[in-house]
Amino acid sequence: MSTDNWTPDQPLVSLREVHKSFGDLEVLKGISLDVMKGEVICIIGPSGSGKSTLIRCINALNPINSGSILVEGQEVHDPALNKLELRKKVGMVFQQYNLFPHKTALQNVMMAPLKVLKQPREEVEKRSLELMARVNLQGKEDSYPGELSGGQQQRVAIARSLAMNPDVMLFDEVTAALDPETVKEVLTVIRDLAQSGMTCILVTHEMGFAREVADHIYFTDRGVIVEHGPPATFFTEARDPRTQEFLSQIL
């Protein structure tokens, strides 16, 4: 993936007029946004407003119909792009943890660096143990996913994504399937990541968390960005009636 011409003063991720349809249903209707290196962006909005589709387009899980998505200056939807190279740079954590049930937590974290990056086992194991500690799972390395709570499984999934050493992390409603008491432990890990300077794009309905960690918040409704701004003004000075209504229902 050639990124020789990209420099950190340019957006790490840049979307321009992105359109995406499933059949006759247009889900994204011309989305444009920029994410700078080290920035934390939260995308909020009602169900079905295109949030998940948007971030799935960023790592080429969903092809787009028109527009442009650049990651470090590279067009994501260039047919010649090596998707594997892209996904080394763009980590993604889903609502469902997608862990391998017959592998331990540590084996799940080690798999991609061993198989995809072909890194030496000793090095991978050392780093994976560090990542397990980073997501507060010391002592759970030999547990299987079925022996872990949802929050613990989700933290293994975060560690697994970090094991590829990505430049940007995408989080798609990662707390939506969790019990309230385990939501907090996952958000704590993401907060630490954000504070360490990792570029993060989160689709979330946790408004308190968005207010606390985001540099910038985007509100989407029916496939368009209705309004956006820093949390300090977004939550108190929303101008569009659609944003005001959405916030009044959830805050």
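Hi everyone, let's start with the sheet. There is an open sheet of 6 strands here, and reading across, the order is 6-7-8-3-9-10, with mixed pairing. At its edges sit strand 6, residues 90-93, and strand 10, residues 224-229, and each of these pairs on one side only. If you follow the sheet across, the twist averages 20 degrees from one strand to the next. One thing to keep in mind as you look: this is a predicted model.

Let's zoom in on one edge. Strand 6 pairs with strand 7, which covers residues 168-172, in the parallel sense and over 4 bridges. If you want a landmark there, find Val93, which stands opposite Phe171 in strand 7.

Now, which strands does helix 5 touch? Helix 5, residues 150-162, packs on the sheet and touches strand 6 and strand 7. The direction of helix 5 makes about 170 degrees with that of strand 6. Helix 6, residues 180-195, packs on the sheet as well, touching strand 3 (40-44), strand 7 and strand 8 (199-203). Its direction makes about 155 degrees with that of strand 7.

That brings us to the inside of the protein. In soluble globular proteins, nonpolar side chains tend to be buried together. In this model, the largest nonpolar core has 49 residues. The ones touching the most other members are Ile44, Ile158, Met169, Phe171, Ile190, Leu202 and Ile217. Which helix gives the most to this core? Helix 6 does, with 7 residues. Take Ile190 as an example: leaving aside residues up to four places away in sequence, Ile190 touches Ile158, Phe171, Val174, Leu202 and Phe209. You may recognise Phe171 as the residue that Val93 stands opposite. There is also a second, separate core of 29 residues, and among its members are Val13, Leu15, Leu86 and Val203.

Next, the other helices. In helix 3, residues 105-115, the buried residues are Ala105, Leu106, Asn108, Val109, Met110, Met111 and Pro113. Helix 4 (121-134) and helix 5 are included in what covers them. Helix 1, residues 51-58, is mostly covered, with 6 of its 8 residues buried. Those buried residues are Lys51, Thr53, Leu54, Ile55, Cys57 and Ile58. After helix 1 comes Ala60, which has a positive phi, near 65 degrees.

Helix 4 gives us a residue to look at by itself: Arg134. Is Arg134 buried, exposed or partly exposed? Its relative accessibility is 39%, so Arg134 counts as partly exposed. Arg134 touches Leu193 and Ser196, again not counting residues up to four places away in sequence. Also look at Val189: it is 55 residues from Arg134 along the chain, but the C-alpha atoms of the two are separated by 7.7 Å.

Let's move to the start of the chain. Strand 1, residues 13-22, and strand 2, residues 25-35, pair in the antiparallel sense over 8 bridges. Together they form a hairpin with 2 residues between the strands, and Gly23 in the turn has a positive phi of about 60 degrees. Within this pairing, Lys20 has Leu28 in strand 2 as its bridge partner. Lys20 also lies over the face of Phe22, at 4.6 Å from the ring centre. Strand 1 has another partner too: 5 bridges join it to strand 4, residues 66-71, and these two run antiparallel. Along that pairing, Leu15 stands opposite Ile69 in strand 4, and Leu15 is one of the residues in the second core.

I'll finish with the rings. A pair of aromatic rings is described by the distance of the centres and the angle of the planes. How many aromatic pairs are there? The count comes to 2. One of them is Phe219 with Phe246, a tilted pair at 5.0 Å centre to centre, with 35 degrees between the planes. Phe219 lies in strand 9 (residues 216-221) and Phe246 in helix 9 (residues 241-250), so this pair ties together parts that are 27 residues apart in sequence. Both Phe219 and Phe246 are buried. Then we have Phe234 and Phe235, an edge-to-face pair at 5.4 Å centre to centre and 85 degrees between the planes. Phe234 and Phe235 are both buried. And Phe235 has something else to show you: Arg211 lies over its face, at 4.6 Å from the ring centre.

Thanks for listening!

Definitions and conventions
Residues are numbered from 1 along each chain as its sequence is written. This is a predicted model: local features need pLDDT of at least 70, side-chain atom pairs count only at pLDDT 80 or more; totals for chains, interfaces and linings use all residues. Side-chain values use heavy atoms; hydrogens and water are left out. Rings of Phe, Tyr and Trp (its six-membered ring) pair if their centres lie within 6.5 Å; planes under 30 degrees apart count as stacked, over 60 as edge-to-face and the rest as tilted. Buried means under 20% relative accessible area, exposed over 50%, partly exposed in between (1.4 Å probe, protein chains only). A charge sits over a ring if NZ of Lys or CZ of Arg is within 6 Å of the ring centre and within 35 degrees of the ring normal. Two strands pair if DSSP finds at least two bridges between them. Axes are lines fitted to C-alpha atoms, for helices over the stretch in contact, and angles run from 0 to 180 degrees between N-to-C directions. Contact means heavy atoms within 4.5 Å. A nonpolar core is a set of buried Ala, Val, Leu, Ile, Met, Phe, Trp, Tyr and Cys residues joined through side-chain atoms within 4.5 Å.
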